[in-house]
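Here is a short report for a reader new to this structure. Look over the strands and the turns first, then read on.

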Amino acid sequence: IDLTKGNVHVRAGQQYAGFSLAQTINSQDAGFKVDVKGPVSFSAFWLLDDQRGSSSNSDSYLYAANVGHKTDMYAANVFFGGQTKALSDHENVYMIGADTVFNLDALKLSAELDYFNGDYDNNIDAVGLQFFLDAAFAASETMTVGAQFYYAKGTDKDDEMQYTYLG
C-alpha cells in the first residue's frame, strides 16, 4: 500500500527504511512508514524484522523516528531508533543520533553523532558511541580535496556489546 495525501505519505508492506548519513538505522523488511513534509519534516517507521541469529520464536522489531530541517545552506536531523530480539532473545537496544550537512559554496561539511544503550541480553549491556566528520573542498571544477574522521568508542568488557548500527 502506498498512499499520498498532500504532505503526508504512508506506505505499508515490504520496503527500505533508514535514517542518518551513515545509515545507522536501516533495514528492508515488511512494516509501516509515514513521512510528513513541511518546513520541519517528520518520518517514522515500524518494521517486522527477521531474527538474524536469534533462537527465539518471538518476532523482532525495528522502529525509528526522524525530525529534520533543511535549507539551501544546511540540513539537520535528529533521530531515535530501537531494535528488539534481532540478535538475542532478550535484546532491547535503542539509540539517539543527530546529523548535519553544511554547504558553504566550495566547502561541504558533514557530521554525525550516535549513542546506543539498552540490553543485548539479560547479562550483557548494549553500548555505543560514534562520531563521523567529513570535510570536502572543491579546489576546482574537476577536483575535490577532503578528509574524513571516524571515531567509535570500543569496549573490552565481558558484560558489554558494542553497537554501531540498528537493522
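## The nonpolar patch

Start with strand β9, which gives 3 residues to a nonpolar surface patch, the largest share. This is a predicted model. The patch covers about 970 Å². Its members are Val 78, Phe 80, Tyr 94, Ile 96, Leu 113, Tyr 115, Leu 129, Phe 131, Leu 133, Phe 149 and Tyr 151. Five strands each give two or more residues to the patch: β6, β7, β8, β9 (125-138) and β10 (144-152).

One member deserves a closer look. Tyr 151 lies in strand β10. Its relative accessibility is 40%. Tyr 151 therefore counts as partly exposed, since that class runs between the 20% and 50% limits. In a regular strand, side chains alternate between the two faces of the sheet.

## Strands β6, β7 and β8

Three of the strands in the patch can be followed through their pairing. Strand β6 spans residues 74-84, and strand β7 spans residues 92-104. The two run antiparallel and are joined by 11 bridges. Within this pairing, Asn 77 has Asp 99 of β7 as its bridge partner.

Strand β7 also pairs with strand β8, residues 107-119. Here the count is 13 bridges, and the strands again run antiparallel. Val 101 stands opposite Ser 110 in β8.

## The turn at Asp 105

What links β7 to β8? The two form a hairpin with 2 residues between the strands. Asp 105 sits in that loop. Its phi is positive, about 55°, although Asp 105 is not a glycine.

Is Asp 105 buried or exposed? Its relative accessibility is 84%, so Asp 105 counts as exposed. The cut-off for that class is over 50%.

## The turn at Ser 20

A second loop offers a useful comparison. Ser 20 is found between β2 (8-19) and β3 (25-36). Ser 20 is not a glycine, yet its phi is positive, at about 95°.

Is Ser 20 buried or exposed? Its relative accessible area is 12%, so Ser 20 is buried. Buried means under 20%. Set the two loop residues side by side: Ser 20 is buried, whereas Asp 105 is exposed. Each has a positive phi, about 95° for Ser 20 and about 55° for Asp 105.

Note on methods: Residues numbered from 1 in each chain as written. Predicted model: local features only at pLDDT ≥ 70, side-chain atom pairs only at ≥ 80, totals over all residues. Heavy atoms only, no water. Pairing = 2+ DSSP bridges. Helix = DSSP H or I, 4+ residues; strand = E, 2+ residues; numbered from the N terminus. Buried < 20%, exposed > 50% of the residue type's maximum accessible area, 1.4 Å probe, protein only. Patch = residues over 30% accessible without salt bridge, like charges linked within 9 Å, V, L, I, M, F, W, Y side chains within 5 Å. Areas by Shrake-Rupley, 256 points an atom, 1.4 Å probe, with all protein chains shown as cover. Salt bridge = Lys/Arg side-chain N within 4 Å of Asp/Glu carboxyl O.
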